[in-house]
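Please look through the structure below with the sequence beside it. The paragraphs that follow take up its aromatic rings, its sheets and its cysteines in turn.

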Amino acid sequence: MLQPRTICATVVLLGATLVTAAAPAVAAPATATAATTACPTGWGSAGKSATAATTASVTDVRTGRHDCYDRMVVDVPGAARADLGYSVRYVDRLHQDGSGRHIPVAGGAVLEVRVTAPAYDTGTGAATYPARAGAALPGVDLTGYRTFRDARFAGSFEGDTQLGLGVRGRLPFRVLQLDGRIVIDVAHTWTAAR
């Protein structure tokens with residue numbers, strides 16, 4: 001006959017074994033889900049454009065990092081979404097409008113970004129965005145970015161502002177027109193997971 005003390009110890013050990021065996025099955029899916037982020041796909045790498053123009057001026061260019069893409073924002077305060085035109089496309093080399101001068105841009109591929117808004121006041125000709133042709137974009141630090149490698153100002157000529165965006169490779173991108181800004185997102189990869 002089993003002693004009550006033996007029966008109690010056996011029940012406690014059996015309970016501890018069942019709890020320990022069940023715990024990994026519950027914890028494993030939560031860990032796997034947290035490690036995977038679904039990223040958008042289908043943007044493609046073909047050139048994208050919208051025909052419109054504004055006399056509102058470019059005042060800033062800024063960048064940001066996201067889970068699935070790196071982002072560039074060209075600020076044009078006062079411009080309505082429908083008035084912001086652009087052309088964004090991959091080029092072999094960036095050439096400055098007007099002069100044709102080659103602007104070197106580091107990276108595995110170069111996106112030419114054109115916004116149909118001047119980087120100067122159309123009444124006075126004074127610069128509204130403090131950049132120099134051929135120089136890195138002021139205030140933009142791309143340290144730690146997964147996709148962006150370089151960002152250069154090519155110039156502002158006849159109402160168009162031209163930028164060069166050096167990226168890791170020829171990756172998919174999208175362009176968004178919003179009130180007061182153009183947004184360019186370049187994906188980190190071609191796949192749907194980051």
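How many aromatic pairs does the count come to? The model is a predicted one, and the count for it comes to four aromatic pairs. One of them is formed by Tyr 145 and Phe 148, whose ring centres lie 5.9 Å apart with the planes at 10°, so this pair is stacked. A pair of aromatic rings is described by the distance of the centres and the angle of the planes, and planes under 30 degrees apart count as stacked. Both Tyr 145 and Phe 148 are buried.

Rings also meet charged groups here. Lys 48 places its charged end over the ring of Phe 173, at 4.0 Å from the ring centre. In the case of Tyr 69, the charged end over the ring belongs to Arg 174, and it is 5.3 Å from the centre.

Next come the sheets. Strands of a sheet pair through backbone hydrogen bonds, either parallel or antiparallel. One open sheet is made of five strands in the order E1-E4-E7-E9-E8, and its pairing is antiparallel. Its edges are strand E1 (48-50) and strand E8 (148-157), each of which pairs on one side only. From one strand to the next, the twist averages 20°. Phe 148, from the stacked pair, falls within the residue range of E8, and Lys 48, with its charged end over Phe 173, falls within that of E1. The partner of E8 is strand E9 (residues 160-167), and the two pair in the antiparallel sense over eight bridges. Within this pairing, Ser 156 has Thr 161 in E9 as its bridge partner.

A further open sheet has four strands in the order E2-E3-E11-E10, again with antiparallel pairing. Strands E2 and E10 stand at its edges with a single partner strand each, so one side of each has no neighbour in the sheet. On average, neighbouring strands in this sheet are turned by 15° against each other, direction ignored.

Going across this sheet from E2, the antiparallel pairing of E2 and E3 runs over six bridges. Here Arg 65 stands opposite Asp 70 in E3. Strand E3 (residues 69-75) then pairs with E11 in the antiparallel sense over seven bridges, and in that pairing Asp 70 stands opposite Val 186. Asp 70 therefore has Arg 65 opposite it in one pairing and Val 186 opposite it in the other.

How many residues of strand E11 are buried? Strand E11 (residues 181-187) has six of its seven residues buried, so the rest of the structure largely encloses it. Besides E3, strand E11 pairs with strand E10 (residues 173-178), in the antiparallel sense and over six bridges. In that pairing Leu 178 stands opposite Arg 181. E10 and E11 make a hairpin with two residues between them, and Gly 180 in the turn has a positive phi of about 80°.

The cysteines remain. A disulfide is a covalent bond between the sulfur atoms of two cysteines. The count for this model comes to one disulfide, which joins Cys 39 to Cys 68 with an S to S distance of 2.1 Å. Cys 39 lies in the loop between helix H1 (4-35) and E1, and Cys 68 in the loop between strand E2 (60-65) and E3, so the bond ties together parts that are 29 residues apart in sequence. The torsion about the S-S bond is about -75°, so the disulfide is left-handed. Cys 39 and Cys 68 are both buried.

Definitions and conventions: Residues are numbered from 1 along each chain as its sequence is written. This is a predicted model: local features need pLDDT of at least 70, side-chain atom pairs count only at pLDDT 80 or more; totals for chains, interfaces and linings use all residues. Side-chain values use heavy atoms; hydrogens and water are left out. Two strands pair if DSSP finds at least two bridges between them. Axes are lines fitted to C-alpha atoms, for helices over the stretch in contact, and angles run from 0 to 180 degrees between N-to-C directions. Rings of Phe, Tyr and Trp (its six-membered ring) pair if their centres lie within 6.5 Å; planes under 30 degrees apart count as stacked, over 60 as edge-to-face and the rest as tilted. Buried means under 20% relative accessible area, exposed over 50%, partly exposed in between (1.4 Å probe, protein chains only). A charge sits over a ring if NZ of Lys or CZ of Arg is within 6 Å of the ring centre and within 35 degrees of the ring normal. A disulfide is a pair of cysteine sulfur atoms within 2.5 Å.
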